[in-house]
Amino acid sequence: MVNVPRLVIAAPASGSGKTTVATGLMAAFAGRGLAVSGHKVGPDYIDPGYHTLATGRPGRNLDAYMCGPELMAPLFAHGAQGCDLAVVEGVMGLYDGASGQGELASTAQVAKLLRAPVVLVVDASSQSRSVAALVHGFASWDPQVRIGGVILNKVGSDRHEALLREALDESGVPVLGVLRRAEQVAVPSRHLGLVPVAERRGDAVAAVAAMGAQVRGGCDLDALLALARSAPPVPGEVWSAAEAVGPCGEAVPLPAPSRSRGLRPRTPAPQTPEGLGGTPEGLGTVVAVASGSAFTFSYAEHSELLTAAGATVVPFDPLRDEALPEGSRGLVIGGGFPEVYAPELSANEPLRRAVAELVASGAPVAAECAGLLYLARSLDGLPMCGVLAAEGRMSERLTLGYRDAVAISDSVLAAAGTRMRGHEFHRTVLEPGAGDAPAWGMHLPERRVEGFVQRGVHASYLHTHGASAPGTARRFVERCKG
């Protein structure tokens, strides 16, 4: 049974202030000496970075689309182990989920799966008495969603606050906090949302501290903690990376391969890494993982799964390091903002050459989105690693959404025909978008093939969550061992 006190911070719509309130609550309770766990509903990579600053623990994602509803409680329990309180930040509006999938992947669904009370954050800047109708509607829409209180955000004055409280007195939903407009808690945004913590560490620390101070000054922390402690136990076991991948040396099967009509799997001859340098004694199988300001998109469970599968995960920064970690037998390059740092990435010619040499050796390489662009010939006209015969460039179009995918080619991650769920999130275009051996076939928003599988490389725009198919980590590490 999972019995960690918990709150879900939701809102009627995006832009209401969920991140400010959730992060502020984490910081405020951590400041009281509580061990706090931060979680984010959905595929967001950036908000968990701010949660990490507030709590001192890895921020975690709870994505019912990619990982399945059945894993929400176990993954939550894994992240919240040993904590006095867990704060779960919602996504979009409370009842907004995957397009055309009902409540799937919505904050409401996750709240129900966790049996957690919801605190509704309402942007009250342009309303007074109408706030009661809005809160009543959200509280009564789904009887299984328990809205335990409201935090009023962007309140203009004492008079405005009095009008809002008077209206909500009749709703039966208590006001647990009132926050005034505050510029110091603002976090800068750009083309894909908030600027990640790694790019503005000092300013981010100050912003999180300001969020905590604002919440302490405007919210009833005792009432919020009491509400969190009222959450009943949740049946289920704690997710474990070690159990997910199985004992070292024991293969864990991927989901059963499944053919998709109109998408023809291709099975290239297997590639064996050759010419790899020796691994430093005691380090095991070194897997280099790109990090730093340009590559910030990663789920904490991914590295945990690689480690459980027998790898020694060693981070490196492509903006600063001129060589891969010593003894690297595999490479993971996740998502991020290579378009922002293209000049610096291009200028680091020694590392680009080292990556190309590792690829030429046949070593396993897994690249998602930013990693895909980094492996291309160029990005916005600047030379990249030159591993893939493709050119990347910025675009005005935002590509965003969940994807159902099927592996088209055998790769270091999956056998041809394996089905996966993932997420796309980028404002770049790669031409061509697929190689001779594509990585994935997709059906929505349109039928297409995407990505590249060549030698030991699997490169794609698709972001995936390792917990949804832990066999990918096992397969990758076993290929690294050669």
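**Figure 1. Here's the whole chain, with its 14 helices and 21 strands.** Everything shown here comes from a predicted model. Of the 482 residues in the protein chain, 58% are buried. Take the contacts in the chain with a separation of 6 or more: 77% of them come from residues 24 or more positions apart.

**Figure 2. Helix α8 has a buried side and a face turned away from that side.** The helix runs over residues 221–229, and its buried residues are Leu221, Leu224, Leu225, Leu227 and Ala228. They sit on the same side of α8, because they cover an arc of only 155 degrees around the axis. An α-helix has 3.6 residues a turn, so residues three or four places apart point the same way. Now look at the face turned away from the buried side: that's where you'll find the exposed residues Asp222 and Arg229.

**Figure 3. Helices α1 and α7 cross at roughly 85 degrees.** In this view, α1 covers residues 18–31 and α7 covers residues 201–218, and their axes come within 7 Å. That crossing makes α1 roughly perpendicular to α7, because angles of 65 to 115 degrees count that way. On the α1 side, the contact is made by Thr19, Thr20, Val21, Thr23, Gly24, Leu25, Ala27 and Ala28. On the α7 side, it's Val208, Met211, Gly212, Gln214, Val215 and Arg216. Sort the contact residues by class and you get seven nonpolar, six polar and one charged.

**Figure 4. Histidine 463 sits in a loop between β21 and α14.** The flanking elements are β21 at 457–460 and α14 at 471–481. Although it's in a loop, histidine 463 has 0% relative accessibility, so it counts as buried. Its side chain makes a polar contact of 3.3 Å with the side chain of tyrosine 45. Leaving aside residues up to four places away in sequence, histidine 463 touches Tyr45, Met66, Phe297, Gly335, Glu368, Cys369, Gly422, His423 and Phe425.

**Figure 5. Glutamate 301 is a buried residue in helix α10.** That helix takes in residues 300–308. With a relative accessible area of 1%, glutamate 301 falls under the 20% cut-off, and therefore it's called buried. Not counting residues up to four places away in sequence, glutamate 301 touches Arg60, Leu75, His78, Trp239 and His465.

**Figure 6. A cis peptide bond leads from glutamate 431 to proline 432.** Omega for this bond is near -5 degrees. Most residues other than glycine have a negative phi, and most peptide bonds are trans. To find proline 432, look in the loop between β17 (419–431) and β18 (440–442).

**Figure 7. Alanine 105 has a positive phi, even though it isn't a glycine.** The value is about 70 degrees. You'll find alanine 105 in the loop that comes between β4 (85–89) and α4 (107–114). With a relative accessible area of 5%, alanine 105 is buried.

**Figure 8. Aspartate 380 is a residue other than glycine with a positive phi.** Here phi is near 50 degrees. Aspartate 380 belongs to the loop between β14 (376–379) and β15 (382–383). Its relative accessibility is 39%, so aspartate 380 counts as partly exposed.

Terms used. Residues are numbered from 1 along each chain as its sequence is written. This is a predicted model: local features need pLDDT of at least 70, side-chain atom pairs count only at pLDDT 80 or more; totals for chains, interfaces and linings use all residues. Side-chain values use heavy atoms; hydrogens and water are left out. Buried means under 20% relative accessible area, exposed over 50%, partly exposed in between (1.4 Å probe, protein chains only). Helices (H or I, at least four residues) and strands (E, at least two) are DSSP runs, numbered from the N terminus. The arc is that of the directions from the helix axis to the C-beta atoms. A polar contact is a pair of N or O atoms within 3.5 Å; within protein, one must be able to donate a hydrogen and the other to accept it, and residues adjacent in sequence count only if both atoms are side-chain atoms. Contact means heavy atoms within 4.5 Å. Axes are lines fitted to C-alpha atoms, for helices over the stretch in contact, and angles run from 0 to 180 degrees between N-to-C directions. Angles under 35 degrees count as roughly parallel, over 145 as roughly antiparallel, 65 to 115 as roughly perpendicular and the rest as oblique. Ala, Val, Leu, Ile, Met, Phe, Trp, Tyr, Cys and Pro count as nonpolar, Asp, Glu, Lys and Arg as charged, and the others, Gly among them, as polar.
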